Amino acid sequence: MPNLTISADDATLRRLRIEAATRNVSVSRFVGELVKEKFAADDSYERAMTDFFSRGPYLSPEPRDDHRSWPSRDQIYDRKVLR
């Protein structure tokens with residue numbers, strides 16, 4: 001397995017060592033798990049974004065039970081104050 005060098009201030013490294021010891025893992029394994037979690041979160045976001053943008057626009061609203069049409073955006077916001 002390849003090695004990785006981390007540059008950080010003393011306080012950060014001290015906290016890293018304490019957190020790794022609390023979890024009963026090495027600093028190397030702890031950092032590896034953090035990076036893996038970060039990449040998994042990024043991948044999850046990318047998948048959600050791709051799924052969202054792959055869908056078509058919702059241009060046709062569902063019909064109403066009383067068979068009337070829905071008002072348009074312009075009709076909803078047609079107020080003299082807004083002109």
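Methionine 49 counts as partly exposed because its relative accessibility is 30%. The model described here is predicted. Methionine 49 lies in helix H2, which covers residues 27-54. On the surface, Met49 joins Tyr45, Phe52 and Phe53 in a nonpolar patch, and together these residues have about 490 Å² of accessible area.

Helix H2 also packs against helix H1, which covers residues 10-22; the angle is about 90° and the axes are 9 Å apart. H1 is therefore roughly perpendicular to H2. On the H1 side the residues that meet H2 are Leu16, Arg17, Glu19 and Ala20, and their counterparts in H2 are Val27, Phe30 and Val31.

Side chains of opposite charge can pair when their charged atoms come close. The structure holds five salt bridges, among them those in the table.

| Salt bridge | Closest N to O distance |
|---|---|
| Aspartate 42 with lysine 38 | 2.9 Å |
| Aspartate 66 with arginine 64 | 3.4 Å |
| Aspartate 66 with arginine 68 | 2.7 Å |

Aspartate 42 and lysine 38 both belong to helix H2; they are four residues apart, so about one helical turn separates them. Aspartate 42 has 33% relative accessibility and counts as partly exposed. Lysine 38, at 48%, also counts as partly exposed.

Aspartate 66 forms salt bridges with arginine 64 and with arginine 68. Through these shared partners, Arg64, Asp66 and Arg68 are joined into one network. Aspartate 66 counts as partly exposed because its relative accessibility is 41%.

How values were computed: Residues are numbered from 1 along each chain as its sequence is written. This is a predicted model: local features need pLDDT of at least 70, side-chain atom pairs count only at pLDDT 80 or more; totals for chains, interfaces and linings use all residues. Side-chain values use heavy atoms; hydrogens and water are left out. Patches are made of residues with over 30% relative accessible area and no salt bridge: like charges are joined within 9 Å, nonpolar side chains (Val, Leu, Ile, Met, Phe, Trp, Tyr) within 5 Å. Accessible areas come from the Shrake-Rupley method with a 1.4 Å probe; for residues, only the protein chains shown count as cover. A salt bridge is a side-chain nitrogen of Lys or Arg within 4 Å of a carboxyl oxygen of Asp or Glu. Helices (H or I, at least four residues) and strands (E, at least two) are DSSP runs, numbered from the N terminus. Buried means under 20% relative accessible area, exposed over 50%, partly exposed in between (1.4 Å probe, protein chains only). Axes are lines fitted to C-alpha atoms, for helices over the stretch in contact, and angles run from 0 to 180 degrees between N-to-C directions. Angles under 35 degrees count as roughly parallel, over 145 as roughly antiparallel, 65 to 115 as roughly perpendicular and the rest as oblique. Contact means heavy atoms within 4.5 Å.
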